Amino acid sequence: MSRTTTALLALSAVVLTGCGPTTDEVTSMVTAGATTYEDALELREDIIAAGLQCPGTDQRVVPAEDGIAYLECDNGMMAMAVASSNEDMQELVSSRNNTGPGATPVLHAANWMVVARDEAPLQQLQTELGGTIIPVP
């Protein structure tokens, strides 16, 4: 299992346990007025337009209807999630703030999050898409 898949699974696990900062703290972390996406495939298109490679289009939505859309690039360099609601996005961001050893940096804004092995591609994306980088703790 790749590190990014592990990171997304860890994010999901923490979301389910309910640990994390308060809703107000998370809301202040999510960039207001940023671009929103319908799903991870749409976000992937902008990642590619920003000059990064992300082969693969195997998107998973959890739960199956109206859930969080996840997509991992086949090259294992990054993964992304697009939340269908503000509450889902707040849970994603708060879960990332509670990851331990093996954590990876995250770029997030509005209703989306990108996880990468290191900050370099996230910095490139941040220039193009905006958002906030949560560095490795």
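This report describes strand E5, its partner strands and the loop before it in a predicted model.

Strand E5 spans residues 112-116, and because 5 of the 5 residues are buried, the strand is largely enclosed by the rest of the structure. Its side chains divide between two directions: Trp-112, Val-114 and Ala-116 point one way, while Met-113 and Val-115 point the other way. Residues of both sets are buried. In a regular strand, side chains alternate between the two faces of the sheet.

E5 pairs with strand E3 and is also joined to strand E4, as the table sets out.

| Partner of E5 | Residues | Sense | Bridges | Bridge partner of Met-113 |
|---|---|---|---|---|
| E3 | 78-82 | antiparallel | 5 bridges | Ala-81 |
| E4 | 106-109 | antiparallel | 4 bridges | His-108 |

Met-113 is thus a bridge partner of Ala-81 and of His-108.

E4 and E5 form a hairpin with 2 residues between the strands. Within this hairpin, Ala-110 takes a positive phi near 40°. Asn-111 also lies in the loop between E4 and E5.

Is Asn-111 buried or exposed? Its relative accessibility is 12%, which is below the 20% cut-off, so Asn-111 counts as buried. Which residues is Asn-111 in contact with, leaving aside its neighbours within four places in sequence? They are Thr-35, Thr-36, Tyr-37, Ala-81, Val-82, Ala-83 and Met-89. Of these contacts of Asn-111, Ala-81 is also the residue whose bridge partner in E5 is Met-113.

How values were computed:
Residues are numbered from 1 along each chain as its sequence is written. This is a predicted model: local features need pLDDT of at least 70, side-chain atom pairs count only at pLDDT 80 or more; totals for chains, interfaces and linings use all residues. Side-chain values use heavy atoms; hydrogens and water are left out. Buried means under 20% relative accessible area, exposed over 50%, partly exposed in between (1.4 Å probe, protein chains only). Two strands pair if DSSP finds at least two bridges between them. Contact means heavy atoms within 4.5 Å.
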